[in-house]
Amino acid sequence: MNLYEDLEYRGMIKDCSSPELKEKLNNGGLTFYIGADPTAKSLHIGQFPTFLLVERLKRAGHKAMILVGGATGRVGDPRGTGEREKAEISVIESNFERIKKQMTKLFGEDIQIVNNFDWFKDMNYIDFLRDVGKYINVNYMVNKDLVKRQMEVGISYAEFSYMLIQGYDFKYLHDHYGVDLQFGGSDQWGNLTTGIEIVRKLNNEEVFAFSAPLITDSTGKKLGKSYGNALWLDKDMTSSYEMYQYLLNFEDVMMEEYLKKFTFLTKLEIEEIMKKHVEKPEFRYAQKVLAHEVITFLHGEEEFESAKRISESLFSEEIEQLSAKDILENMKEVPQVELLDGENIVEALVRTKIVSSKREAREMISAGAISFNNKKVMDLEYVIQKDAAIEQQIFVIKKGKKNMFIGTF
């Protein structure tokens with residue numbers, strides 16, 4: 001398949017600004033950019049497939065640029081659910097440096113990364129209104145889907161102006177770096193086309209854009225930080241083990257789509273994977289392949305193998321082969337409770353609020369629903385001993401099948 005066919009196969013093109021773009025993508029030689037605002041320290045898993053397009057286009061002979069929006073991050077774009085909180089300037093600047101480092105690691109030292117604050121910081125407000133705002137009709141702006149939705153709950157003038165700022169970014173990059181293509185998530189389509197319009201009106205030139213669908217689960221819920229289910233691409237924020245577990249629990253019904261969008265696997269490879277997966281879905285073969293491809297791309301093969309080893313050990317009798325460091329570093333999201341050497345298990349479960357009452361504690365222990373380091377505890381007189389803990393520091397406590405806690409001394 002050529003590039004455009006491959007992107008269509010993967011479901012990575014939703015909107016396209018011109019029929020000409022298909023041939024241009026296939027021929028290579030475009031200079032393109034994608035933008036991200038530094039409103040967090042890292043990109044998240046919902047953004048990953050769209051940013052993976054950077055590598056796909058690079059491999060097809062296009063030149064990449066990434067814009068991290070130090071200026072737009074100070075404003076905040078409309079998102080249709082309420083206005084974003086205003087971030088501290090120092091936080092935005094710190095986030096910019098972290099995301100810049102992240103992008104360089106993912107896409108190579110040769111990737112050009114720019115900050116739109118560099119060209120907006122000295123721009124006069126009156127000049128911007130005269131040179132840019134004058135050319136974009138308000139009716140054009142309010143008809144954009146995201147603005148329409150935001151207006152239902154209230155939109156500030158700053159957010160309303162966001163598309164003008166992003167639109168001018170396209171013109172600036174076109175004028176100074178020869179950028180002729182921009183892409184982003186489908187929620188950015190109004191901003192992308194505003195950039196095309198500004199270049200057309202001010203330069204009398206044609207530039208191009210396409211959007212990629214937002215990544216959702218089977219219910220249509222967006223995988224993104226605004227919706228409380230973010231999985232960060234920075235391994236210091238989300239460990240490789242946590243990412244492994246998250247990907248391993250993806251729904252079967254979404255696996256073919258996710259393999260297309262999250263990996264570089266070919267059509268034939270994906271078909272073979274799905275064939276094996278459908279035969280025995282309980283083995284979660286497709287999820288394991290997805291985890292390997294994503295974690296290896298983000299963090300390397302060694303990180304994947306470590307995540308796999310820790311995952312397998314945590315759910316087997318080999319858990320005691322793990323170090324306390326392995327557990328603490330890779331299970332940052334698991335609640336921690338403080339244990340006392342020599343305390344009765346019933347007392348400990350109630351004191352740490354793992355259970356709500358002594359009655360619940362006794363019932364769960366008697367039913368075999370409480371385990372310490374994967375060993376069921378069914379003795380109501382069991383005494384917690386520090387010497388039995390991993391490196392005399394850690395117990396992994398499980399309540400039922402899904403609730404996990406880290407007990408520390």
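A walk through the fold, starting at a pocket

The largest pocket has 20 residues lining it, and those nearest its centre are Tyr241, Glu242, Gln245, Tyr246 and Asn249. Keep in mind as you look around that this is a predicted model. The volume of this largest pocket comes to about 710 Å³. Which helix gives the most to its lining? That would be α13, residues 240-248, which supplies five residues.

Now zoom out and take in the whole protein. You'll find 20 helices and eleven strands. Measured out along the principal axes, the C-alpha atoms fill a box of roughly 80 × 50 × 40 Å. There are 409 residues, and 52% of them count as buried. Now think about contacts with a separation of 6 or more: 73% of them link residues that sit 24 or more positions apart. For a pair of residues from distant parts of the chain, try glutamate 257 and tyrosine 9. They are 248 residues apart along the chain, but 9.7 Å separates their C-alpha atoms. Glutamate 257 belongs to helix α14, residues 255-262. Is glutamate 257 buried or partly exposed? Its relative accessible area is 30%, so it counts as partly exposed.

Next, the sheets. One of them is an open sheet of six strands, and if you step across it the order is β1-β6-β5-β2-β3-β4, with mixed pairing. At the edges you'll meet β1 and β4 (112-115), each of which pairs on one side only.

Let's stop at β6, residues 208-212. How many of its five residues are buried? Five of the five are, which makes this a mostly covered strand. Here's a handy idea for reading it: in a regular strand, side chains alternate between the two faces of the sheet. In β6, one side carries Phe208, Phe210 and Ala212, while the other carries Ala209 and Ser211. Both faces are covered, with each of these residues buried.

What about the strands on either side of β6? With β1 (residues 15-16), β6 runs antiparallel, and two bridges join them. Cysteine 16 has phenylalanine 210 as its bridge partner in β6, and aspartate 15 stands opposite serine 211. With β5 (residues 181-185), β6 runs parallel, and the two strands are joined by five bridges. Which residue of β6 is the bridge partner of phenylalanine 183? Phenylalanine 210 again: it partners cysteine 16 and also phenylalanine 183. To get from β5 to β6, the chain passes through helix α12 (residues 189-203), and this β-α-β crossover is right-handed.

Helices lie across this sheet too. Helix α2, residues 20-27, lies across β1, β5 and β6, and it runs at about 85 degrees to β6. Helix α11, residues 162-177, lies across β2 (31-36), β3 (63-68), β4, β5 and β6. Its direction makes an angle of about 145 degrees with β2.

There's another open sheet to visit, built from five strands. Its order is β7-β11-β10-β8-β9, and the pairing is mixed. Here β7 (336-338) and β9 stand at the edges; each has a single partner strand, so one side of each is left without a neighbour in the sheet. The partner of β7 is β11 (residues 403-408), and the two pair in the parallel sense over three bridges. If you want to spot one of the contacts between these strands, look for glutamine 336, whose bridge partner in β11 is isoleucine 406.

Finally, have a look at two loop residues with a backbone angle worth checking. Arginine 284 has a positive phi of about 55 degrees although it is not a glycine. You'll find arginine 284 in the loop between α15 (267-279) and α16 (285-299). With a relative accessible area of 24%, arginine 284 is partly exposed. Glutamate 391 also has a positive phi, near 55 degrees, and is likewise a residue other than glycine. Where does glutamate 391 sit? Its place is in the loop between β9 (375-376) and β10 (394-399). Why does glutamate 391 count as partly exposed? Because its relative accessibility is 47%, and partly exposed covers the range between the buried limit of under 20% and the exposed limit of over 50%.

How values were computed: Residues are numbered from 1 along each chain as its sequence is written. This is a predicted model: local features need pLDDT of at least 70, side-chain atom pairs count only at pLDDT 80 or more; totals for chains, interfaces and linings use all residues. Side-chain values use heavy atoms; hydrogens and water are left out. Buried means under 20% relative accessible area, exposed over 50%, partly exposed in between (1.4 Å probe, protein chains only). Helices (H or I, at least four residues) and strands (E, at least two) are DSSP runs, numbered from the N terminus. Two strands pair if DSSP finds at least two bridges between them. A crossover is right-handed if, with the strands pointing away from the viewer, the path from the first strand over the helix to the second runs clockwise. Contact means heavy atoms within 4.5 Å. Axes are lines fitted to C-alpha atoms, for helices over the stretch in contact, and angles run from 0 to 180 degrees between N-to-C directions. On a 1 Å grid over the protein atoms alone, a cavity is a set of points where a 1.4 Å probe fits but cannot get out, and a pocket is an open set with protein on both sides within 12 Å along at least five of seven lines; lining residues have an atom within 4 Å of a point. Grid points are joined across faces, edges and corners, and a volume is the space filled by probe spheres set on the points.
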